[in-house]
Structures are given as C-alpha cells and as structure tokens.
Amino acid sequence: MSRALTLPERLARNAASQQRAYADLADALTRGDRSARERAQAKIADLIADYQRLSDSLKFDELEQRQSAAPRSRKPAKPLRELALDALDDIGASAPPALIADFTAALTGTRPSPSRFASLKRDEENAARRNIDARPAWIVPAISAANLTAIPRLLTSSSWPLERRIIGSRSMRADNLRIAMSLSERLDQLREVGAQEARNMQRLMFPMARAIPGASEAGLDIDTDRLRRAASAELALIEEMDSEERKAAATKLSRDSVFHRLWGRPPLLDTEAAEKAIR
C-alpha cells in the first residue's frame, strides 16, 4: 500500500494546488469569465485556509516531538481526530462519518467505526470549552443556514472559512459535486504512482459518479476528466445561489461568539427575539 503523506508533503501539495488555482484565476481574468474567476478565488481561499491549518499542525507536531522523550516510531497510530481532519482536507467539504470512514479505509485499509465519531464530537466540544486555542483545528459540525444551529450528522474542520461550513438549501448537492471533483483529483494522484489504493478510491467514487448526469458510463473505469467536466457544469447552475445563501448566513453568525461560529447557536436561541437581541 502507498504510505500516507507527511505534513510537509501535504503542504507541498497544497502549494502546488495554489499555483494551479492562481493560474486558473489569471486565465479567467484574461477571458473575462466571471464564474470561473469566482470559482478560482473560492478555491484559493480554501487552499490558503487549509495551508494554515496544516502549517499549524506541523508546528504542533514539532513541539510535541521536542517535548516527548519517546521515539516517534513508538508512538501509537494516528488518533481518530487526526484521521478525520486528514480525510476532510482531502474530501474538501462537509461530510458524514460514514464517508470519512470509507475514505480512510480506501487509503489505509482500516475503516474506523462511524459510531466513534459521536463521542469524538462530544470530546472536541468539551475540550474546546476548556481552551479553544489548545488545538490548531477542531472537528466541528456543519451549520444550518436556516437557523444557524449545528447539523450533527455532517462534520467539518474549524480551520475552514465560515461560509464553507454552512449548509443551505442547495449546499448538499453543491458539496457532493465538489467532493466528487476533489476525490477525482486524489484518484488521479493514486493512478499516477500505480498505487493499489486507486481501485479502492474508484469503488468509493462509483456511486458519486452515477449520481452526476454524464459523468460516467456503466461498466467502465471512472474517467476523471469526464467526471470533473460533468460535475463542474452542474455546479455552475447552482453555485452562485448557494454561495449567496451561505454568505448571508455567515454574515448573521459572524456577530456571534467564537464558540457559536464553530458549533452553531443553541437551538433554543433560534427565535425572532433572540435574533433581535443579538443585533
């Protein structure tokens, strides 16, 4: 099996992705393509946020190594929270525990039980209440654009911009399209190095590809270029409306406390009176 990428390697891959995104932005500006420009700008913003999260994680790991007398090779396997953060970075959008577990299994051969994420979420929230600056990133729930409360069945990373963690009426479909495109890039990387995990990734992606009109053909391997074209075409139809809904919700929630911006408002606060009180 191919080995997991180290943090420096993930940072290098992110930097290369940023270069490609900036090239796409330059091309869109030259062509005067507003839609492509906005997509490139959003991609750059996401990559910069991910780069900061990975950079902070690298600093945290280096600090742990200096403070620990035990050889790194004797340390236990990655904890569930780190596996989840790594998976979310690759998936690129809010995801249910089952998808995170399936993605982890496709790359490592070991599938964490999705039921473990319920206790992980509680542990993350309790630890953050004690010291929200203790970690460079937390596993946090997606937030509903309708009432700004948590959506427990969907997980995100606290390092992501607020808009990316909000789910509106079109966001589930938009995110599913983005996930398919993101995983297709991962599949390309695995195929390029001849990794056996490429077959696992393809099996994971088959249901996603079938759900996108024109993205695949029955009985054939996934054509990643074809999938990305089909997903991008459908995404273009809903992306602007989805973005506007997310931005409006993010503007409302940005007035709240840091904790509410990460874990959402308590459900009982979702009232007209509470909205006026926050103003």
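Here are four short exercises, with worked solutions, on a predicted model.

**Exercise 1. Work out the strand order of the sheet and say which strands sit at its edges.**

Start with the overall layout: the sheet is open, has 3 strands and runs in the order 2-1-3, with mixed pairing. Next, look for strands that pair on one side only: these are strand 2 (150–157) and strand 3 (166–167), so they are the edge strands. Now add what lies against the sheet. Helix 5 (residues 116–130) packs on it and touches strand 1 and strand 2. The direction of helix 5 makes about 75° with that of strand 2.

**Exercise 2. Describe how strand 1 and strand 2 pair, and find the bridge partners of Ile139 and Ile143.**

First, the sense: strand 1 (residues 139–144) pairs with strand 2 in the antiparallel sense, over 5 bridges. Then take the partners one at a time. Ile139 is bridged to Ser157 in strand 2, while Ile143 has Ala150 as its partner there. Finally, check the connection. The two strands, 1 and 2, make a hairpin with 5 residues between them. In that turn, keep an eye on Leu148, which has a positive phi of about 60°.

**Exercise 3. Classify the packing of helix 4 against helix 8, and of helix 3 against helix 4.**

Before you start, recall that two packed helices are described by the angle between their axes and the distance between the axes.

- *Helix 4 with helix 8.* Helix 4 (residues 97–108) and helix 8 (residues 197–210) pack at about 155°, their axes 7 Å apart. Angles over 145 degrees count as roughly antiparallel, so helix 4 is roughly antiparallel to helix 8.
- *Who touches whom?* Leu99, Asp102, Phe103, Ala106 and Leu107 from helix 4 meet Glu197, Asn200, Met201, Leu204 and Met208 from helix 8. By class, that contact has 7 nonpolar, 1 polar and 2 charged residues.
- *Helix 3 with helix 4.* Here the angle is about 90° and the axes are 9 Å apart. That falls in the 65 to 115 range, so helix 3 and helix 4 are roughly perpendicular.
- *Contact residues again.* Helix 3 brings Leu83, Ala84, Ala87, Leu88, Asp90 and Ile91, and helix 4 brings Leu99, Ile100, Phe103, Thr104 and Leu107. The split is 9 nonpolar, 1 polar and 1 charged.

**Exercise 4. Characterise the largest pocket: its volume, its lining and the residues closest to its centre.**

Begin with the volume, about 1,900 Å³. The lining counts 49 residues, and Arg39, Ala42, Lys43, Asp46 and Arg178 are the closest to the centre. Then ask which elements contribute two or more residues: helix 1 (7–31), helix 2 (34–67), helix 3 (80–91), helix 6 (162–165), helix 7 (171–192) and helix 9 (224–253). Helix 2 gives the largest share, 14 residues. Last, sort the lining by class, and you get 13 nonpolar, 9 polar and 27 charged residues.

Terms used
Residues numbered from 1 in each chain as written. Predicted model: local features only at pLDDT ≥ 70, side-chain atom pairs only at ≥ 80, totals over all residues. Heavy atoms only, no water. Pairing = 2+ DSSP bridges. Helix = DSSP H or I, 4+ residues; strand = E, 2+ residues; numbered from the N terminus. Contact = heavy atoms within 4.5 Å. Axes fitted to C-alpha atoms, helices over the stretch in contact; angles between N-to-C directions. Parallel < 35°, antiparallel > 145°, perpendicular 65-115°, else oblique. Nonpolar A, V, L, I, M, F, W, Y, C, P; charged D, E, K, R; others polar. 1 Å grid on protein atoms, 1.4 Å probe; cavity = no way out; pocket = protein on both sides within 12 Å on 5 of 7 lines; lining within 4 Å. Points joined across faces, edges and corners; volume = space filled by probe spheres on them.
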